[in-house]
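Colleague: Please take me through one part of this model in detail. I would like to look closely at the parallel sheet and what lies around it.

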Amino acid sequence: MFVGKENFKAEYTRSLVENFAKPLADCTPLEKYENLVKLVMKTASAIRTETSLRHAAEHQKKIYYFSMEFLIGKLLDNYLINLGIRDIVAEGLSELGESLDALEAIERDPGLGNGGLGRLAACFLDSMASIGVPGVGMGIRYRFGLFRQKIENGYQVEEPDAWLENGNPWEQAKPDESVLVRFGGYVDRQYKDGKISYEHKGYSHVKAVPYDVPIVGYGSHDVNVLRLWYAQPVHDRVDLAAFNRGDYAAAMKERADIEAITCILYPDDSNGTGRTLRLKQEYFFVAAGIASILRQYKKVYGSTKEDLMHLPEHVSIHINDTHPTLCIPELMRVLMDEEGFEWNEAWDITCRTVSFTNHTVLPEALEKWSIDLFKNLLPRVYMIVEEIDKRWREVLDKESNLGPDTRRNTAVLWDGEVRMANLSVIGSHSVNGVAALHSEILKETVFKDFYTLQPDKFNNKTNGISHRRFLIQSNPGLTKLITEAIGDGWKTDMTQISRLENFRSDTAFIEKLRDVKYQNKLRLADYLYQTSGVKVDPHSVFDVQVKRIHAYKRQLLNAFKVLDLYNQLKANPDLDINPYTFVFSGKAAQGYAYAKEVIKFINSVADVVNNDPVVSQKIRVVYVENFCVSNAQLIYPAADISEQISTAGKEASGTGNMKFMMNGAVTLGTLDGANVEIANLVGPENITIFGLTSDEAMNYYVQGGYNSKDECKKDPRLETISGQLVNGFFKNSGKDFWGIYDALLQHNDEYFVLKDFDSYTKAWRDMDKAYSDTLRWGSMSTMNIARSAFFSSDRTIREYADEIWHTRYDKR
């Protein structure tokens, strides 16, 4: 750790010569950036070593958090803040003629995630390190991430996210800790000494190489690790015969097939090859992770069967949604086939070790695999899954008063498929939802039969976010203002931020808060102009919806509101509303045609609005391409209105709503996900709620009674907008929007866009009036910040640690 500015300057210039054999003046910007990272890594590695030794000596229970995604964002600025040395480094670099901001801009966003699932996992790792929970993230080192989104002529275009083209200076390869993962082959059963043994034969091997990334906790007390697995051939070779005859593709085929496993996040699974690759990915990182866990455990606690019986006392394996569900049968396989445990012993250890978080109520997101695919790719694991299903059915046979559909609803194997969500519930000791409403919906619908049988297994853990990343780092102006008002204790104890309530009617504070927001709008406005070419008014109201593009998230409803405003302004240019900047951003899955059409529609509305000489003086629309952590950190602090408008009952939690709230935006939303808890915390005067409730929406789904055509006919605005979708209104964009039109009017508007439109636009007008009252809006903004402590991921992780993982942590 640097003891001062002069010490940093000396270390920085000395290490440049050591690392690159050049003086500062001759180094490239990339070399200067990498040199700074190496200095931070040196400090982080020392703390990491001390942390590991301390945890081992104290026999602290370790949490292994398995997730398909870890959307960690750029690390340099975050780690300088967490280590408490950002000011020293910035000043030292400035005196050397360098800019910290310029060096930070060189860093690429790691392509390790897509949306809320991955960002939640990253926030959880941050909180574990910051409050002293011994934690290890287990994930995949994707070479090209999901994709880099470009918007061309209004359409989403996917490009490879080559985030590793300059390497990743934050990672340390650990080839000596590699694991061999098996695919395919067959299982040979033998009966010997009164026991059946199983031997996996004829399989192909893949080498899983771990790359460790440090997770630096705030205050630099602890550094945990994110372990990312990368697929490589077991033997570094090519087919020389094929190469020498000029068939270079064939010569490299084995390597290419293996490296494809860790090439792309969420490859298109609309075909058999894609589904095989996805299942390979899931087993690959699970098998490697389980082997790594047991290897480390044996070093600390011993390797006998008696030692391994205590695994649940020292290890928790948490599976983040269903992608890592194979942790359950894989741990069973290792305990039985490699460690010699009988079924009942292995099952007891597994169930007491594994816990599961569900993140969705959407049927299509509850993973299922073809039994034929599963059996052929993972023959031994399938045998274990088959036995789990068989024994579960035997449990049900002993139950009385089962519902008529209980066996079907809870089976792991049914109708030719392996149901991963059911396997997760059966093989875990804890199942949690991620918001109060979501957890109730799980108990009442998705896992109703499981809840009836095992109610004590189910619990709620409302999601949280890292206030260090999304407030302290993202919004330094607001951080300074809060600290001036209440001191800096809130940085480590977020509950102290509630003291801001005392300033909700303080005109001086509200004026400063408004100025902070304006400065953040200036920063975002510059970014929008640089990236999209659209100039926006920083004095306008910033109305923002940024999240993954999906029908249930209803970006379409927001776009309809904007188009309706356009229509009103064309009819009445003097319409009494504040000036607005409407900001959209988010990616659509590569194979999700409807979501891609919505993106094109939003951009077409933007073209119409922004190119109208009259309307564009009042409203502007911007679509920010390639939504990621870095541009999110510009967007959240600048927002006035937080659009959280999903169909009630469909959003598990949402975390964007929390990030906006923490930065002083006011929520316009449905009673869905964590919006319910935001509303309860801030009170009805500091949030605007509209639309169907989850019960009302569910009633329509179950009982019927909703007719979207009738809904459209009774509102002239909707008749106009639906006509504009297909009557050539958007001819300049080169497209009519029949896919959207049909979804709304031919397929009865599954997500109630038309049903909620009137309620939504009235609620928006209420917010527009509230914004015009400067003191009222400032009070609303202040109360949202003051009541945001509940949504710190520190609180969430403490709940996991106390109630699920049963591990110790710093109880500051």
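Modeller: Buried means under 20% relative accessible area, exposed means over 50%, and partly exposed lies in between, with a 1.4 Å probe and protein chains only. Helices (H or I, at least four residues) and strands (E, at least two) are DSSP runs, numbered from the N terminus. This is a predicted model, where local features need pLDDT of at least 70, side-chain atom pairs count only at pLDDT 80 or more, and totals for chains, interfaces and linings use all residues. Residues are numbered from 1 along each chain as its sequence is written, and side-chain values use heavy atoms, with hydrogens and water left out.

Start with strand 19. It is mostly covered: 6 of its 6 residues are buried. Tyr-580, Phe-582 and Phe-584 point one way. Thr-581, Val-583 and Ser-585 point the other way. In a regular strand the side chains alternate between the two faces of the sheet.

Now take strand 18, residues 541-546. It is largely enclosed by the rest of the structure, because 6 of its 6 residues are buried. Val-541, Asp-543 and Gln-545 lie on one side. Phe-542, Val-544 and Val-546 lie on the other. Both faces of strand 18 are covered.

How do these strands join? Strands of a sheet pair through backbone hydrogen bonds, either parallel or antiparallel. Two strands pair if DSSP finds at least two bridges between them. Strand 18 and strand 19 run parallel and are joined by 6 bridges. Val-541 has Tyr-580 of strand 19 as its bridge partner. Val-546 stands opposite Ser-585 in strand 19.

Strand 18 also pairs with strand 21 (residues 641-644), in the parallel sense, over 2 bridges. There, Val-544 stands opposite Ser-642.

Step back to the whole sheet. It is open and has 6 strands, in the order 20-19-18-21-22-23, with parallel pairing. Its edge strands are strand 20 (619-624) and strand 23 (688-689), and each pairs on one side only.

Helices pack on this sheet. Contact means heavy atoms within 4.5 Å. Helix 24 (residues 555-571) touches strand 18, strand 19 (580-585), strand 20 and strand 21. The direction of helix 24 makes about 150 degrees with that of strand 19. Helix 25 (residues 593-610) touches strand 19 and strand 20. The direction of helix 25 makes about 145 degrees with that of strand 20. For these angles, axes are lines fitted to C-alpha atoms, for helices over the stretch in contact, and the angles run from 0 to 180 degrees between N-to-C directions.

Next, look at Arg-765, in helix 33 (residues 753-772). Arg-765 counts as partly exposed because its relative accessibility is 26%. Not counting residues up to four places away in sequence, Arg-765 touches Gln-568, Leu-575, Asp-576 and Ile-577. Arg-765 and Ile-63 are 702 residues apart in sequence and 47 Å apart in space, C-alpha to C-alpha.

For contrast, consider another sheet. It is open, with 3 strands in the order 13-15-14 and antiparallel pairing. Strand 13 (368-370) and strand 14 (413-414) are its edges, each pairing on one side only. Strand 14 pairs with strand 15 (residues 417-419) over 2 bridges, in the antiparallel sense. Trp-414 stands opposite Glu-417 in strand 15.
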